[in-house]
Amino acid sequence: MRTNYTEAFRDDRELGAPRTFSAHVGARQREWLRAFTEAAFAWPPVHHDFACGTGRVLRMLDGLTSAAHGYDISEAKLAEAREIGVPADLHVVRATGPLPSTMDIDVPALVTVFRLLLDAPPELRERAMEFAAGMLPTSDSGLLVVENHGNASSLRGIGRSAGGVEDGAGLSHDEVGELFDRWGFELLTRQGFSLLTQGFYRVAPVRWLVPGLDSWASRRSFLAGRATDLLYVARRRH
Ligand SMILES: C[S@@+](CC[C@H](N)C(=O)[O-])C[C@H]1O[C@@H](n2cnc3c(N)ncnc32)[C@H](O)[C@@H]1O
């Protein structure tokens, strides 16, 4: 687990650089998330994005929600989001103390937590779930979508363990499941977005082939558990 969480994530904007691994994965997630949101909700949900950073996920759902709110601890990130023109109300949240919770239980909510859990210390993982539970108090309140961008059961994760690399960088399905359990969430489904790693996207002779192949393979549901990057969908049990 990384120790300096803030330092580890200075590169938010690099995610948008064209043709990078992250840009491909982000584009696939955007397409999936938009289709999922339209199919899963009878009418446009209120979107709450925890640890929104510069608003990447809020932008993915532009036009499909009845209202959108981004929450982050960093005023600087939220200022960048405003500068970019993120279509959402942006709120600073603190590291401890009370968190915002839902005001309107009649409108379904979609809570998203992207690129946070893997590198977050345990207390921040709990805090993200506390936020989700506050926005989704019952099973009828809506859905939670959480990203694991370093699946420990991916081919990469297994390769690293087999090679004796124990850097603690991966997040396992069991760890996510336990976190969901503790906060009264049940896992509904998992969706993979990449089976390969960044390195494959840089290999010159096959660079043209890799994105299409990886996109196709990672969407096979039986391979979701092996994806390097995946989303979990959950809802409250009661
Ligand atoms: C890697 S960025 C992810 C941003 C965005 N979710 C995305 O996928 O592009 C992690 C974000 O978590 C935010 N963060 C860190 N600690 C936090 C906390 N205690 N509460 C809310 N946000 C936090 C950081 O400021 C940063 O914007």
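Start by selecting R235 and E186: their side chains form a salt bridge, with the closest N and O atoms 3.4 Å apart. You're looking at a predicted model here. R235 sits in strand β7 and E186 in strand β6, so far along the chain from each other that 49 residues separate them. Colour the two by accessibility and both come out partly exposed: R235 has a relative accessible area of 32%, and E186 has 26%.

**More charged pairs**

By the rule used here, the count of salt bridges comes to eight. Next, pick R219 and E31, which meet in another of these at 3.8 Å, N to O. This pair links distant parts of the chain: R219 is in the loop between α8 and β7, E31 is in helix α2 (residues 21-40), and their positions lie 188 residues apart in the numbering. R219 is partly exposed, at 28% relative accessible area, whereas E31 is exposed, at 51%.

Now go to R56 and E147, where the closest N and O atoms are 4.0 Å apart. R56 belongs to helix α3 and E147 to strand β5, so this salt bridge ties together parts that are 91 residues apart in sequence. Buried or exposed, these two? Both R56 and E147 are buried.

**Along helix α7**

Show residues 173-182 as a cartoon with sticks; that's α7. Its buried residues are H173, V176, L179 and F180. Look down the helix axis and you'll see them fall within an arc of 130 degrees, so they line one face of α7. As a reminder, an α-helix has 3.6 residues a turn, so residues three or four places apart point the same way.

What do those buried residues pack against? Bring up α5 (122-135), β5 (142-148), β6 and β7 (229-236), which are their packing partners. Then spin to the face turned away from the buried side, where you'll find the exposed residues D174 and R182. Just after α7, stop at G184, which takes a positive phi of about 75 degrees.

**A nonpolar patch on the surface**

Switch to a surface view and select V203, V206, W208, L209 and L213. Together they form a nonpolar patch with about 490 Å² of accessible area. For a way in, take V203, in the loop between β6 (185-194) and α8 (210-218). V203 is partly exposed, with a relative accessible area of 38%.

**Strand β2 and its neighbours**

Head for residues 67-72, strand β2. Five of its six residues are buried, so β2 is largely enclosed by the rest of the structure. On one pairing, β2 runs parallel to β1 (residues 46-50) over five bridges; on another, four bridges join β2 to β3, again in the parallel sense. For a residue-level look, find A68, the bridge partner of H47, and then D72, which stands opposite V92 in β3.

Stay on H47 for a moment, over in strand β1. H47 is buried, with a relative accessible area of 0%. Which residues does H47 touch, leaving out those up to four places away in sequence? Select V57, L58, L61, T65, A67, A68, H69, L110 and T112 to see them.

From there, hop to A88, in the loop between α4 (75-84) and β3 (89-92). A88 touches L58, A68, H69 and G70, again leaving out residues up to four places away in sequence. Draw a C-alpha to C-alpha distance from A88 to L58: the two are 7.0 Å apart in space and 30 residues apart in sequence.

**Two backbone stops**

Select A51, in the loop between β1 and α3 (56-60). Its phi is positive, about 60 degrees, although A51 is not a glycine. A51 is partly exposed, at 22% relative accessible area.

R115 is the other stop, in the loop between β4 (109-113) and α5. Phi of R115 is near 50 degrees, once more a positive value in a residue other than glycine. R115 is buried, with a relative accessible area of 15%.

**Zooming out**

Show the whole chain to finish: eight helices and seven strands. Buried residues make up 47% of its 238 residues. The chain exposes about 12,100 Å², and carbon and sulfur atoms supply 54% of that. Among contacts with a separation of 6 or more, 74% come from residues 24 or more positions apart.

Terms used: Residues numbered from 1 in each chain as written. Predicted model: local features only at pLDDT ≥ 70, side-chain atom pairs only at ≥ 80, totals over all residues. Heavy atoms only, no water. Patch = residues over 30% accessible without salt bridge, like charges linked within 9 Å, V, L, I, M, F, W, Y side chains within 5 Å. Areas by Shrake-Rupley, 256 points an atom, 1.4 Å probe, with all protein chains shown as cover. Buried < 20%, exposed > 50% of the residue type's maximum accessible area, 1.4 Å probe, protein only. Arc of directions from axis to C-beta. Contact = heavy atoms within 4.5 Å. Pairing = 2+ DSSP bridges.
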